[in-house]
Amino acid sequence: NAGTEADVYISVYGERGDTGSRQLLRSQKLKKFLKGQTDIFAVEAVHLGHLYKIVIGHNGLGSGNGWFLDKVVIKDPVTDLDYTFLCHRWLDQGQDDGNIARELTVTDASTFPGRQELELKREETWAAEKWKFQEGNTLQFYNTLTRGFICLSPDSRVDALGDKKNKYGKVF
């Protein structure tokens, strides 16, 4: 349910102006905006110079109109430059912050190569793994080298003495 059947619009902003709102109509795929799919569109416009932001959203119409957008990459045919706009959020009235449009600024890959994408992946991983660190939970890892347990507590205590038994008395 991460794709959308709603009409999607984009406005591209550069140092020489903007495109205005353009509907993304014809993808190179048969069905557009499906979960996990990369869609490619041609958008005709005057050359805008260096791009700095986009506004992308949908009209909210149709069943299942919520959409999870990972990123937008714009390829400038004049300069042969790629501009990446990371989103990694929902455009959905019932998810995230409820917005169906997002203003995204360009990711400067020369300054921070992959840093923003890595940060988004880190946040995604933490969201999936944070249950382990809730109050009362203790993580135990078995160390095959010492043949003992290393215990990590949510209050930041680490028991690395390498007990041969876990807290349940089981010996490995």
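Asp97 and Arg102 pair up through their side chains in a salt bridge, 2.8 Å from N to O; the term covers a side-chain nitrogen of Lys or Arg within 4 Å of a carboxyl oxygen of Asp or Glu. Arg89, Asp97 and Arg102 are tied into one network by salt bridges that share partners. Keep in mind that this is a predicted model, where local features need pLDDT of at least 70, side-chain atom pairs count only at pLDDT 80 or more, and totals for chains, interfaces and linings use all residues. Numbering runs from 1 along each chain as its sequence is written, and side-chain values use heavy atoms, leaving out hydrogens and water.

Searching the whole structure turns up four salt bridges, including these:

| Salt bridge | Closest N and O atoms |
|---|---|
| Arg89 and Asp97 | 3.2 Å |
| Asp97 and Arg102 | 2.8 Å |
| Lys53 and Glu103 | 3.4 Å |

The Lys53 and Glu103 pair links distant parts of the chain, 50 residues apart: Lys53 sits in strand β4 and Glu103 in strand β7 (residues 101–105). Strands here are DSSP runs (E, at least two residues), numbered from the N terminus.

How buried or exposed are these residues? Arg102 is buried, at 8% relative accessible area, and Lys53 is buried as well, at 17%. Glu103 is exposed at 54%, while Arg89 is partly exposed at 31% and Asp97 partly exposed at 39%. Buried is under 20%, exposed over 50%, and partly exposed in between (1.4 Å probe, protein chains only).

Leaving out neighbours within four places in sequence, Lys53 has contacts (heavy atoms within 4.5 Å) that include Tyr13, Phe85 and Leu104.

How values were computed: Helices (H or I, at least four residues) and strands (E, at least two) are DSSP runs, numbered from the N terminus.
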